Amino acid sequence: MMGGKMRVLAFFIALAAFSATGWGDNTLRGKLKAAGARVEHDTVVPAPFDTIVAPGAEAVRLSGYDKPLRSSAETLFVSNGLEVAIEQLAVRIVYSDMSGRQLHERVVELRVHVPAGATRQVRFKSWDTQKSFYYHRGQRPRVDAVTPYSVNCMVNSCVIKTRCNPDSIDKQQ
């Protein structure tokens, strides 16, 4: 009886040794070969994206802000006056009551693709989590116990996609 247990134990030890050496099926296709990695030193590759901090009002224009009373989202339009596409914006929004007192302020990061010369609508989560404020230029709600507000939106920065010409890669000496 002891010999049988020893044989089973020896079998499992041998099986473990074979599996530990990686003995198994070859899952590679026969015609595939690893491509030799070419490493070129002393080259500088331009970044595919760039950031413009505080672009001019004519470069990126914000318009058409809206947030109805019971909405959990705000919308506005982004017009791209740049010669390249915008991929992301950082918009600073200041919310004020009708007397000009500041209610809230925040910076919203918006991932949006706006081609050069185009306008896109963006939608983002509202600051009004209790849904008790409405934009004063929007539709006036039927209830009285709500507060109108105004906004001031400014573009803090935008991320643009740069044009990368492989022939213009500068070599460092």
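This report describes the strand pairing, one loop residue and the largest nonpolar core of a predicted model.

**Strand β4 and its partners**

Strand β4 spans residues 86–97 and is mostly covered, with 11 of its 12 residues buried. Strand β5, residues 102–114, runs antiparallel to β4 and is joined to it by 10 bridges. Within this pairing, V91 has V108 of β5 as its bridge partner. The two strands β4 and β5 make a hairpin in which 4 residues lie between them. In that turn, G100 adopts a positive phi of about 95 degrees. Strand β4 is also joined to β8, residues 147–161, by 11 bridges, and this pair is antiparallel as well. Here L89 is matched with C158 of β8 as its bridge partner.

The bridge counts are collected below.

| Strand pair | Bridges | Direction |
|---|---|---|
| β4 (residues 86–97) and β5 (residues 102–114) | 10 bridges | antiparallel |
| β4 (residues 86–97) and β8 (residues 147–161) | 11 bridges | antiparallel |
| β2 (60–66) and β3 (residues 73–80) | 5 bridges | antiparallel |

**The three-stranded sheet**

An open sheet of 3 strands follows the order β2-β3-β6, and its pairing is antiparallel. Its edges are formed by β2 (60–66) and β6 (119–125), each of which pairs on one side only. On average, neighbouring strands of this sheet are turned by 30 degrees against each other, direction ignored. Between β2 and β3, L62 stands opposite V78 of β3.

**Residue S71**

The loop between β2 and β3 contains S71. Is this residue, S71, buried or exposed? With a relative accessibility of 17%, S71 counts as buried because the cut-off for that class is under 20%. Its side chain reaches the backbone oxygen of A73 at 2.8 Å. When neighbours within four places in sequence are left aside, S71 is in contact with S126 and K131.

**The largest nonpolar core**

The largest nonpolar core has 25 residues, among which V60, I86 and L89 touch the most other members. Strands β2, β3, β4, β5, β6, β7 (133–135) and β8 each supply at least two residues of this core. The largest share, 5 residues, comes from β4. In soluble globular proteins, nonpolar side chains tend to be buried together.

For V60, the contacts beyond four places in sequence include I86 and L89. The remaining contacts of V60 on that basis are P55, V78, S79, L82, V155 and C158. Two of these residues also appear in the pairings described above: V78 stands opposite L62, and C158 is the bridge partner of L89.

Key: Residues numbered from 1 in each chain as written. Predicted model: local features only at pLDDT ≥ 70, side-chain atom pairs only at ≥ 80, totals over all residues. Heavy atoms only, no water. Buried < 20%, exposed > 50% of the residue type's maximum accessible area, 1.4 Å probe, protein only. Pairing = 2+ DSSP bridges. Axes fitted to C-alpha atoms, helices over the stretch in contact; angles between N-to-C directions. Polar contact = N/O pair within 3.5 Å; in protein donor to acceptor, adjacent residues only side chain to side chain. Contact = heavy atoms within 4.5 Å. Core = buried A, V, L, I, M, F, W, Y, C linked by side-chain atoms within 4.5 Å.
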